[in-house]
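Reader: I'm new to this structure and would like a close look at just one part of it. Could you pick the spot around one of the ligands and walk me through what surrounds it?

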Amino acid sequence: MSAPDHRDGAGGTVAVVPLRDGVSGKSRLAAALDPAARRRLVAALARHVVAVLLVSDGVDRVLVVTADVPFATETLRSTAPRGVEIVPQPAGRPGLNAALDVGRDAAVARGADRLLVAHADLPLLAPDDVAALLDAAAPTPGDDARGGAPVVVATDRHLAGTNLLVLPATANFRFRFGEASRAAHVAEAERADLRPVVVRRPGTAVDLDTVDDWGELPRAVRDRLRHGLDLPLP
Ligand SMILES: Nc1nc2c(ncn2[C@@H]2O[C@H](COP(=O)(O)OP(=O)(O)OP(=O)(O)O)[C@@H](O)[C@H]2O)c(=O)[nH]1
Ligand SMILES: C=C(OP(=O)(O)O)C(=O)O
């Protein structure tokens, strides 16, 4: 069952997508793609993730947090009319975890009761994946009495990182993206007395960081991303 639609009012589930600048991202792909191709790739991937979130049941709003507003604006030009909002990341708050704190503040200010953090580099993400994460989450954020877990961690294919994360918007939960973040987020949920569940599905587990990740993508997906072409929505 999908969450109620709060598009016209306060509350609901707000997706927060961190997006790095158009120059430095995807540095680990430098051996496979030149800077212009990496920029096209980052843009096409971000458009894909945002487009999936915008059509997913249960997602009420999409915020993209970035220090590079011109890049994000250009990247999302085709999706912006459909409701994505770009939130500037101040220069004094650098890094991924700080970006998410900025996004959380913005989401709470817009009345969010649940956050869905989604990285902008998930080429196989589909609306069914988003639905599965929200189904695994407690219907009332922070309350698992009616089934579902307050914190849902969607890990990567190595079971090491976190590609998406569902949590109550106002929970005392520190973002711990970086090395071994799957275990760090599970520990953080337990510290905050919020039951965590870890989910691993093909659409949520495949992120694009390394040359190995690039090589494992279906050829048709690689060809589109190399040229900055949008990925088809399933
Ligand atoms: N706003 C913001 N987003 C970030 C930052 N660092 C990473 N991201 C985003 O967080 C997600 C995961 O990024 P990573 O895979 O850790 O880093 P990356 O920049 O994509 O790639 P590498 O250069 O290889 O580390 C992607 O959506 C990035 O765009 C940051 O400092 N600020
Ligand atoms: C920062 C993370 O992602 P990535 O593996 O994309 O660097 C993480 O998993 O915590």
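Author: Here is a walk around ligand 2, followed by the strands beside that site and a few other places for context. Keep in mind that this is a predicted model.

Let's start with the shell. The residues around ligand 2 are Leu96, His119, Asp156, Gly161, Thr162, Phe177, Gly178, Ser181, Asp207 and Asp209. Sort them by class and you get two nonpolar, five polar and three charged residues.

Now, three of those names turn up in a record as well. UniProt, in an unreviewed entry, lists Thr162, Gly178 and Ser181 under "binding site". They span 20 residues in sequence, yet no two of their C-alpha atoms are more than 8.6 Å apart, so they gather at one spot.

Take threonine 162 to begin with. You'll find threonine 162 in strand β6, which covers residues 162-168. Is threonine 162 buried or exposed? It counts as buried, because it has 25 C-beta neighbours inside 10 Å and the cut-off for buried is 20 or more. Leaving out residues up to four places away in sequence, threonine 162 touches Val153, Ala154, Thr155, Phe177, Ser181, Arg182 and His185. Two of these, Phe177 and Ser181, are also in the shell around ligand 2.

Next comes serine 181, which lies in helix α5 (residues 181-191). Serine 181 is buried too, with 22 other C-beta atoms within 10 Å. Once its neighbours within four places in sequence are set aside, serine 181 is in contact with Gly161, Thr162 and Arg176. So threonine 162 shows up again here, as a contact of serine 181.

Right before that helix sits a residue with an unusual backbone angle. Most residues other than glycine have a negative phi. Alanine 180, though, has a positive phi near 50°. Alanine 180 belongs to the loop between β6 and α5, and it counts as partly exposed, with 14 C-beta neighbours inside 10 Å.

Back to threonine 162 for a moment: its contacts include Val153, Ala154 and Thr155, and that leads us to strand β5, residues 151-155. This strand is mostly covered, as five of its five residues are buried. Val151, Val153 and Thr155 point one way, Val152 and Ala154 point the other way, and all are buried.

Which strands does β5 pair with? One partner is β7 (residues 196-199), joined to β5 by four bridges and running parallel with it. Within that pairing, alanine 154 has valine 199 as its bridge partner. The other partner named here is β6, again joined through four bridges, but this time the strands run antiparallel. There, valine 152 is bridged to valine 166.

β5 and β6 also make a hairpin, with six residues between them. In the turn of that hairpin is leucine 159, whose phi is positive, about 60°, although it is not a glycine. Leucine 159 is exposed, with 12 other C-beta atoms within 10 Å, whereas the residues of β5 are buried.

For context, let's step over to ligand 1. 19 residues surround ligand 1, and the closest are Pro18, Ser27, Arg28, Ala99 and Ala120. The elements that give two or more residues to that shell are β2 (61-66) and α3 (96-109). By class, the shell around ligand 1 divides into eight nonpolar, six polar and five charged residues.

One of those closest residues, Ala120, also links to the nonpolar interior: valine 49 touches Val17, Ala118, Ala120, Leu122 and Leu125, not counting residues up to four places away in sequence. In soluble globular proteins, nonpolar side chains tend to be buried together. Here the largest nonpolar core has 64 residues, and those with the most contacts inside it are Ala15, Val16, Val17, Val49, Val50, Val64 and Leu133. The biggest share of this core comes from α1, with 11 residues.

A last stop is aspartate 57, in the loop between α1 (35-55) and β2. Aspartate 57 counts as exposed, because it has 12 C-beta neighbours inside 10 Å. Its C-alpha atom is separated by 6.7 Å from that of alanine 131, even though these two are 74 residues apart along the chain.

Notes:
Residues numbered from 1 in each chain as written. Chains lettered and ligands numbered in written order. Predicted model: local features only at pLDDT ≥ 70, side-chain atom pairs only at ≥ 80, totals over all residues. Near = placed C-beta within 6 Å. Nonpolar A, V, L, I, M, F, W, Y, C, P; charged D, E, K, R; others polar. Core = buried A, V, L, I, M, F, W, Y, C linked by C-beta atoms within 7 Å. Contact = placed C-beta atoms within 7 Å. UniProt positions renumbered as here; feature names shortened; annotations may be inferred. Pairing = 2+ DSSP bridges.
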